[in-house]
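The report below was prepared for a reader who works with coordinates and wants the fold and the ring contacts described together. Please look at the sequence and the model before reading on.

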Amino acid sequence: MMKKILTIIALLSVGFSFPAGLFAQQRTTVRVQTSDRDGALIPKEIYGQFSEHLGSCIYGGLWVGPDSPIPNRDGYRLDVFNALKELQVPVMRWPGGCFADDYHWRDGIGPVAERAKISNNHWGGTLEDNSFGTHEFLNLCELLGCEPYISGNVGSGTVAEMSQWVEYMTSDSGSTVAMERKANGRDKPWKVKYFGIGNECWGCGGQMRPEYYVDEFRRFASYCRDYTGNRLYKVASGASDYDYNWTEVLMKGIGNRMDGISLHYYTVVGSWSDKGAATGFSDERYYQTLAKAIDIEPVLKKHIAIMDRYDPAGRVDLLVDEWGTWWNVEPGTNPGHNFQQNTMRDAMVAAYTLNIFHQYTRRIKMANIAQVVNVLQSMILTRGDQMVLTPTYHVFRMYKVHQDAQFVPVSYTTDRMAVDERTSVPTLSVTASRKDGILHVSLANADLTVANRILLTWDEIGPEGLTRTQQKKLSVSGEVLTSASAGDYNDFGVAPKVIPAPMKDLKVTAAGVEFTLPAHAIATLEISLPL
Ligand code: AHR
């Protein structure tokens, strides 16, 4: 049934769309508005990660301990570490998530053998030995060269506990707490910029009403102080997707006392009890997923509109500090561990979502995909000593060129795939940025069957087109991520099916650059403009 609707829509759609099987290719001209020099910088923190004590994100994922037979550097798993280094992770959130409001930081410091063993009640009751704690996390961030983003415990913690954690991490005074850190092996304080005052305080973080949380934020945040030149950026626990009232009440009641307010948006299709499988999905599910993913855009607009009303000067940032796909767990795995596979469909969700974030950086200053290893829409999956890079990882690697680059608007017409009577998905999504005289353009073709012949052109190309000399001088390269099926994924012990490849068909013409973007493919082009 879905197929029929799709075919009809493809036949009726305007622009350059043809049904699959007839030409199996559409044509699109993408114009990059390079004469627009007003674009905001795309904050690198949009490419943030999230690591929680959940399943094997920390233990077996980031951390195996120094005595593990798995190659490691001071306990950090080397293969994972090196893969993350390659991504240029700008910021990493920790220790949760829901775990954060169950976490008591003192459990995770001091001699490892003496650390408290607790039950990770939120995530399957797994035994948590706290061998990965504050030192292990902050040292990892230093090694990766990323900013730490700590989530403090409001739900079951105390003001004094949170206050002392900040002091322990960031103070260079001779106070007892700072001296305790030194005794535990870290002489100089760490720099900790981002600090969350609770997580999902409307849910797992305390089931609070927004009015109550406002007062809790004010109380807890008052005692999170700036020590030794460290300046804390305080993040309020924000809304879940469509809860605009939460944002309204916090903007009104907390206002400029917070530097940022968070937002959580998960791509869940179906019900929470049956979210569907990560692999082996229908075409219908594929498009429904993309429809849900891009529904983040109106959600962002509504939260931003509320923020604009209370804070027209833009003093408070919006941080989407949890986002991504959420499927049923892989069969045979612990239901509390949220371990899921990751296909080209997840890669497409990542590309479409990042392209949306790029457009709202006036207010959105950070986003953290959930989560970095082995949980939900991961970059990396591990099993024993094996590791696979997911299709989502490759999107993040191909997109890292946009970090701290200047946003450049693009214009193009795309057809749309109907999902139901009211919902449709654009089959093409494009974003561009410029840095150091290099233009990067990322394009995602979500269409499952129809390739897109793209003409990429930009403002400096006048009606007369590029001369032969200009064409010769143009340096263009690109990488494309696709695979035989949108359901393909990279699995343990077999050759990866979804890996980026250099684009071989880039053709420079008088009009710009021409190439074919295959069905369900994502590409990033690099163009140096000597014009
Ligand atoms: O990312 C998994 C969980 O999703 C987080 O712990 C929580 O904040 C959210 O509900």
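What follows describes the chain as a whole, then the barrel, and then the aromatic contacts.

This is a predicted model, in which the protein chain has twelve helices and 27 strands. The radius of gyration is 24 Å, close to the 24 Å that the globule rule gives for 531 residues, so the chain is as compact as a globular protein of that length. Along the principal axes, the C-alpha trace spans about 70 × 50 × 45 Å. Of the 531 residues, 59% are buried, and among contacts between residues at least 6 apart in sequence, 76% join residues at least 24 apart.

Eight strands form a closed barrel with parallel pairing, in the order E2-E5-E8-E9-E10-E11-E12-E13, and neighbouring strands of this sheet are turned by 30° against each other on average when direction is ignored. Within the barrel, E9 and E10 run parallel and are joined by four bridges, and Phe-195 has Lys-234 in E10 as its bridge partner. Helix H3 (residues 134-144) packs on the sheet, where it touches strand E5 (91-94) and strand E8 (147-152), and its direction makes about 170° with that of E5.

A search of the whole structure finds 22 aromatic pairs. One of them brings together Tyr-194 and Tyr-233, whose ring centres are 4.9 Å apart and whose planes stand at 75°, an angle over the 60 degrees required, so the pair is edge-to-face. This pair links distant parts of the chain, since Tyr-194 lies in strand E9 (residues 194-197) and Tyr-233 in strand E10 (residues 233-240), 39 residues apart. Tyr-194 is buried at a relative accessible area of 5%, and Tyr-233 also counts as buried, at 11% relative accessibility.

Ring pairs also link residues into a cluster that includes Trp-63, Tyr-76, Trp-94, Phe-99, Phe-137, Trp-165 and Phe-195. Two arginines lie over the faces of aromatic rings, as the table sets out.

| Arginine | Ring | Distance from the ring centre |
|---|---|---|
| Arg-93 | Tyr-149 | 5.5 Å |
| Arg-345 | Phe-281 | 3.7 Å |

Further along the chain, helix H11 (residues 391-399) is mostly covered, with nine of its nine residues buried. Among the buried residues of H11 are the aromatic Tyr-393, Phe-396 and Tyr-399, together with Arg-397 and His-394.

Technical notes. Residues numbered from 1 in each chain as written. Predicted model: local features only at pLDDT ≥ 70, side-chain atom pairs only at ≥ 80, totals over all residues. Heavy atoms only, no water. Phe/Tyr/Trp six-rings, centres within 6.5 Å; stacked < 30°, edge-to-face > 60°. Helix = DSSP H or I, 4+ residues; strand = E, 2+ residues; numbered from the N terminus. Buried < 20%, exposed > 50% of the residue type's maximum accessible area, 1.4 Å probe, protein only. Lys NZ or Arg CZ within 6 Å of the ring centre and 35° of its normal. Pairing = 2+ DSSP bridges. Axes fitted to C-alpha atoms, helices over the stretch in contact; angles between N-to-C directions. Contact = heavy atoms within 4.5 Å. Rg over C-alpha atoms; globule rule 2.2 N^0.38 Å.
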